[in-house]
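Biologist: I would like to learn how to read the surroundings of one residue in a model. Could we go through a case together?

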Amino acid sequence: MTSRLLSYVTLTLVLIFLLGPFVIIVAAALSGGETLAFPPQGLSLKWVMKVFEVESFRASFALSMFLAIFGTLAALVLGVPVAYAASRYRLPFGETIRTIVSAPIIVPGIIVGLALLRYLVIPLDVGVGVALFIAHTALILPYAVRVVSASLDNLRSDIEEAAVILGSSRVATFFRIVLPNVQSGILAAFILGFVTSFNQVPVSLFLSGPGVRTLPIDMIWYMEITYDPSVAALAALLAFLSISIVFLAERFLGFSRYV
């Protein structure tokens, strides 16, 4: 009885620890006051409405969505063949290749951002938008390779060999046999890459420029000039967006069947 009570107490404390910040942000977003405060000073939706009126929020949201979607797709286009080659063939210097691909995960983001700024943007005069796209693709690539590799390791190679023996080409086998069987890994990699890119701060902080800022960087900039609850409202909306993405993936794609 005592151990069960202790388990319930521990579970309650963990839930409070995990959900507490989200509840506070939502409450602050619905505040009727003029400054960011908790407990909220009355209830109002005016700050939620203001989020859609701020031009910089709309522009930075569009940029973040573009980077998250197309950066993730680019990382998957590059990462799936790499994962397949690493899983099915003994590549020379295979461990070195894996280490290089995993570097953006191992190296702190602030160092990656500084290195890209120093050795890509400045000497090559690369535009801020292009630099952000390259950086986000590079950051997502390790997740794409690792997640898809895990799915490929669970797919028996003799299934592919059977298709080849029956007359299918290697390319046709890859698209007709391999990809459909690792779609769970690709979907998981896309969701993970999308969330990672959308919430990226250190790298984006170094590569942002005048009029070109991702949404998290724009939120930081906005808080430097004002302290109203609109940032809390935007944070709450983004949290609900993340929850909705996971829910829709489960509802229409049956994500739980593959994980």
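Biologist: In which helix does serine 60 lie?

Modeller: Happily, that one is quick: serine 60 is in helix α3, residues 55-88. Helices here are DSSP runs (H or I, at least four residues), numbered from the N terminus. This is a predicted model, where local features need pLDDT of at least 70, side-chain atom pairs count only at pLDDT 80 or more, and totals for chains, interfaces and linings use all residues. Residues are numbered from 1 along each chain as its sequence is written, and side-chain values use heavy atoms, leaving out hydrogens and water.

Biologist: Is serine 60 buried or exposed?

Modeller: Buried means under 20% relative accessible area (1.4 Å probe, protein chains only), exposed over 50%, and partly exposed in between. Serine 60 is buried, at 2%.

Biologist: Which backbone oxygens does the side chain of serine 60 reach?

Modeller: A polar contact is a pair of N or O atoms within 3.5 Å; within protein, one must be able to donate a hydrogen and the other to accept it, and residues adjacent in sequence count only if both atoms are side-chain atoms. Here, the backbone oxygen of serine 56 is 2.8 Å from a polar side-chain atom of serine 60, and that of phenylalanine 57 is reached at 3.2 Å.

Biologist: Which residues does serine 60 touch, not counting those up to four places away in sequence?

Modeller: Contact means heavy atoms within 4.5 Å. Serine 60 touches Arg213, Thr214, Leu215 and Asp218.

Biologist: How confident is the predictor in α3?

Modeller: pLDDT, from 0 to 100, is the predictor's confidence in each residue. Among the elements of the protein, α3 has the highest mean, 87.

Definitions and conventions. Helices (H or I, at least four residues) and strands (E, at least two) are DSSP runs, numbered from the N terminus.
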